[in-house]
Amino acid sequence: SGLSAHLPWVQVTEIAAVAFDADSGKELGRFHKKINLTPATKDEIKTQRRNIGPGDRGSLEGPRGANIQDLFKMSRYGDPNAERGEIKEVYKEFVDFINQFDNPILLGQNVGFDMGHMFAPLKKLGIERPKFSEVLDTMILARTWIYPLLKAGEAVGDENASEIINGFTNVDKEGKTRLSFSLSNLGRAFDVKAVHHHSGISDAVQTYQIFVKMMQFLKNAKRREYDKSSEFTKQHAAMSGKAFSYGKRPAFGSTIDSDTAK
């Protein structure tokens, strides 16, 4: 809950992950647990209820003007069927889930935000950070590789490429068409539907399934040599200017050029 990982009352309320083999796309396991609210978070909820009246979002608002109760509803935190645990217990289980795999790659949508929040409590909880070899972001992948390759395909008459590109476009209030690589748009572009929006496990499954389809597209695009076209070079340079993966490194270069995408 909240947007700043360093405030004492801000905490992760749900952890969900899907493990899968990147080559085959086969699912290897799932982790999903809600985290009980800490005393500091409960105290902050009481403060918000006391200081913010009906219709008044005040200064403690969340994304798009949602207060903490709105955020709980949005994320299905109150699901009575969810498995729950105390924060240290859930984090320990999650770290163990990651560490069971050799050299895992962590994958997420807009993953820099998630990583900043996800691992912030580890030191305070006395839990060692999990071991992983890389962090990949589906949003950055779509922006810097998928979209430029699609534009290269569209330039030579690939109708499927044009259809996928349409999934990345939104029309704003002024009627202008804008590109967006949000999870919902990626799901629309690659025909991967969400079971529940803003549900941790639903988002994790959807992200994993989108990534598998992205890799299939990359393989086809490389076979057709879209990556060698001038249109790809132009689009890739334009879309990569401000795109970085977690850790502020250029996004995906070594990974996409590896055997995974051949």
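Among the contacts in the chain between residues at least 6 apart in sequence, 67% join residues at least 24 apart. The coordinates behind this figure belong to a predicted model, and the description that follows moves from the chain as a whole to the helix H6 and its partners, and then to a few single residues.

The chain has eleven helices and nine strands. Of its 262 residues, buried ones make up 45%, while the surface that the chain exposes comes to about 14600 Å², of which carbon and sulfur atoms supply 50%.

Helix H6 is a useful place to begin. Two packed helices are described by the angle between their axes and the distance between the axes. H6 covers residues 138-155 and H7 covers residues 159-167, and the axes of these two helices come within 8 Å and cross at roughly 140°. Angles over 145 degrees would count as roughly antiparallel, and H6 and H7 are therefore oblique to each other. The handedness of this crossing of H6 and H7 is left-handed. On the side of H6 the contact is made by Tyr147, Leu150, Lys151, Gly153 and Glu154, and on the side of H7 by Ala161, Ser162, Ile164 and Ile165. Sorted by class, the residues of this contact of H6 with H7 comprise five nonpolar, two polar and two charged.

A second partner of H6 is helix H10, which spans residues 230-240, and here the axes again come within 8 Å but cross at roughly 150°. Because of that angle, H6 is roughly antiparallel to H10, and the crossing of H6 and H10 is right-handed. The residues of H6 that take part are Arg143, Thr144, Trp145, Tyr147, Pro148, Leu149, Lys151, Ala152 and Ala155, which meet Glu231, Phe232, Gln235, His236, Met239 and Ser240 in H10. By class, this contact of H6 with H10 holds eight nonpolar, four polar and three charged residues. Tyr147 and Lys151 are named in this contact with H10 and also in the contact with H7.

The third partner is H9, whose axis comes within 11 Å of that of H6, with the two crossing at roughly 30°. This angle makes H6 roughly parallel to H9, and H6 passes H9 in a left-handed crossing. The residues that form the contact are Thr138, Leu141, Ala142, Ile146, Leu149 and Leu150 of H6, together with Thr207, Phe211, Met214, Phe217, Leu218 and Ala221 of H9. In terms of class, the contact of H6 with H9 has ten nonpolar and two polar residues, and no charged residues. Leu149 of H6 belongs to this contact with H9 as well as to the contact with H10, and Leu150 of H6 likewise appears in the contact with H9 and in the contact with H7.

Helix H9 also contains Ser202. With a relative accessibility of 7%, Ser202 counts as buried, and, when residues up to four places away in sequence are not counted, Ser202 touches Ala194, Val195 and His196. The C-alpha atom of Ser202 is separated by 9.9 Å from that of Val18, although the two residues are 184 residues apart along the chain.

Val18 leads in turn to Gly29, since Gly29, leaving aside its neighbours within four places in sequence, is in contact with Ala17, Val18, Ala19 and Phe97. Gly29 is placed in strand S2, which runs over residues 27-35, and at 19% relative accessibility Gly29 counts as buried, because the limit for that class is under 20%. The C-alpha atoms of Gly29 and Ala19, which are ten residues apart along the chain, are separated by 5.1 Å.

Two loop residues complete the picture through their backbone angles. Most residues other than glycine have a negative phi. Asn110, by contrast, has a phi near 55°, a positive value in a residue other than glycine, and its place is in the loop between strand S4 (105-108) and helix H4 (111-118). At 36% relative accessibility, Asn110 counts as partly exposed. Glu225 likewise has a positive phi, near 60°, in a residue other than glycine, and its place is in the loop between helix H9 (200-223) and H10. Glu225 is partly exposed, with a relative accessible area of 44%.

Notes. Residues numbered from 1 in each chain as written. Predicted model: local features only at pLDDT ≥ 70, side-chain atom pairs only at ≥ 80, totals over all residues. Heavy atoms only, no water. Axes fitted to C-alpha atoms, helices over the stretch in contact; angles between N-to-C directions. Helix = DSSP H or I, 4+ residues; strand = E, 2+ residues; numbered from the N terminus. Parallel < 35°, antiparallel > 145°, perpendicular 65-115°, else oblique. Left-handed = near helix turned anticlockwise from the far one by under 90°. Contact = heavy atoms within 4.5 Å. Nonpolar A, V, L, I, M, F, W, Y, C, P; charged D, E, K, R; others polar. Buried < 20%, exposed > 50% of the residue type's maximum accessible area, 1.4 Å probe, protein only. Areas by Shrake-Rupley, 256 points an atom, 1.4 Å probe, with all protein chains shown as cover.
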